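Biologist: I'm new to this one and would like to learn how to read it. Could you walk me through some features, one at a time?

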Amino acid sequence: METLIEFRDASILNGENQVVYNFNMTVAKGDFVYIVGKVGTGKTSIIRTMIAENRLGSGRGIVCGYDLSTIRSRDIPYLRRKTGVVFQDFQLLMDRSVEDNLAFVLRSTGWRDNIEILARINQVLNLVGMSDKSHKMPHQLSGGEQQRIAIARALLNEPELILADEPTGNLDGETATGIMELLRQLNEKRGTAVIMVTHNRSLCESFPGRVFHCINESCEEIPAAE
């Protein structure tokens with residue numbers, strides 16, 4: 001399997017403070033990975049490091065072919081095109097429709113042809129079951145629907161990897177299950193690797209995957225049960 005992420009003896013920073021020591025992780029295409037732990041243990045800092053929002057302190061860090069220790073500022077947008085990020089609070093632009101939210105992202109990443117833009121928007125909305133919501137404003141959608149739109153946004157440039165930071169944190173149990181089923185479907189049917197930060201360990205039991213546990217300034221993989 002193609003390796004998408006490799007960290008070796010990496011120092012993960014939050015600002016200038018080291019929050020995770022000697023971090024090791026390898027993620028291949030098609031993997032589904034959880035990062036779990038209490039608030040403040042470095043889970044989100046790891047995600048931010050993967051998209052070069054936080055600098056790598058030391059050690060080796062490769063994400064989608066980019067070396068995080070030497071990546072140039074002008075290459076960071078290209079790294080982020082290969083990774084789709086889904087946030088807990090959706091981060092949709094509230095003053096424009098679903099279609100305009102998605103078109104904004106495509107134009108920001110180099111798309112110019114309006115017919116191709118519209119076709120791609122329709123494709124991703126269909127993937128997440130929101131094909132009839134393109135004309136809606138975000139405030140007209142439920143939390144679960146907004147998160148599906150956020151996932152559609154993450155899929156626009158056909159990323160090799162989805163990074164989901166507490167994507168079910170603001171959702172009720174039934175809606176959260178629907179979002180997890182969608183992420184699992186994208187993972188299994190399209191081969192998209194998923195790395196998901198969560199504090200909800202029950203999700204790991206309902207939707208099994210590899211699990212990394214952040215505690216006491218370390219983050220290590222929990223061996224799968226025999």
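Modeller: Happy to. N22 is a good place to start: its relative accessible area is 52%, over the 50% cut-off, so N22 counts as exposed. Keep in mind that this is a predicted model.

Biologist: Where does N22 sit, and which residues does N22 touch, leaving out those up to four places away in sequence?

Modeller: N22 is part of strand β2, residues 17-28. Leaving out residues up to four places away in sequence, N22 touches D9 and A10. Look across the chain too: E220 is 198 residues away from N22 in sequence, yet their C-alpha atoms are separated by 9.3 Å.

Biologist: Let's try another strand residue. Is H213 buried, partly exposed or exposed?

Modeller: With a relative accessible area of 25%, H213 is partly exposed. You'll find H213 in strand β9, which covers residues 210-215. The C-alpha atoms of H213 and I35 are 5.9 Å apart, although 178 residues separate the two along the chain. Setting aside residues up to four places away in sequence, H213 is in contact with V36, G37, R201, S218, C219, E220 and I222.

Biologist: Now helices. How do I describe two that pack together?

Modeller: Two numbers do it: the angle between the axes and the distance between the axes. Here, α3 and α4 pack at an angle of about 120°, and their axes are 10 Å apart. That angle makes α3 oblique to α4. The crossing of the two is right-handed.

Biologist: Which residues make the contact between α3 and α4?

Modeller: From α3 come V98, E99, L102, A103, L106 and R107. From α4 come N114, I117, L118, R120, I121, V124 and L125. Sorted by class, the contact of α3 with α4 has nine nonpolar, one polar and three charged residues.

Biologist: And which residues of α3 are buried?

Modeller: In α3, residues 98-108, the buried ones are V98, N101, L102, A103 and L106. Their cover includes α4 (114-127) and also α5 (143-155).

Biologist: What happens to the backbone just after α3?

Modeller: G110 takes a positive phi there, about 105°.

Biologist: Which residues have a positive phi although they are not glycines?

Modeller: E166 is one of them, with a phi of about 50°. E166 lies in the loop between β7 (161-165) and α6 (173-190), and a relative accessible area of 10% makes E166 buried. E217 is another, with a positive phi of about 65°. E217 belongs to the loop between β9 and β10 (218-222), and at 45% relative accessible area E217 is partly exposed.

Biologist: One last feature: cysteines. How many disulfides are there?

Modeller: You'd look for pairs of cysteine sulfur atoms within 2.5 Å, and that rule gives a count of zero. Take C64: the closest cysteine sulfur, in C219, is 18 Å from the sulfur of C64, so the two are too far apart for a bond.

Biologist: Is C64 buried or exposed?

Modeller: Buried, because the relative accessibility of C64 is 5%, and the cut-off for buried is under 20%. C214 counts as buried too, at 1% relative accessibility.

Terms used: Residues are numbered from 1 along each chain as its sequence is written. This is a predicted model: local features need pLDDT of at least 70, side-chain atom pairs count only at pLDDT 80 or more; totals for chains, interfaces and linings use all residues. Side-chain values use heavy atoms; hydrogens and water are left out. Buried means under 20% relative accessible area, exposed over 50%, partly exposed in between (1.4 Å probe, protein chains only). Contact means heavy atoms within 4.5 Å. Axes are lines fitted to C-alpha atoms, for helices over the stretch in contact, and angles run from 0 to 180 degrees between N-to-C directions. Angles under 35 degrees count as roughly parallel, over 145 as roughly antiparallel, 65 to 115 as roughly perpendicular and the rest as oblique. A crossing is left-handed if the near helix is turned anticlockwise from the far one by less than a right angle, and right-handed if clockwise. Ala, Val, Leu, Ile, Met, Phe, Trp, Tyr, Cys and Pro count as nonpolar, Asp, Glu, Lys and Arg as charged, and the others, Gly among them, as polar.
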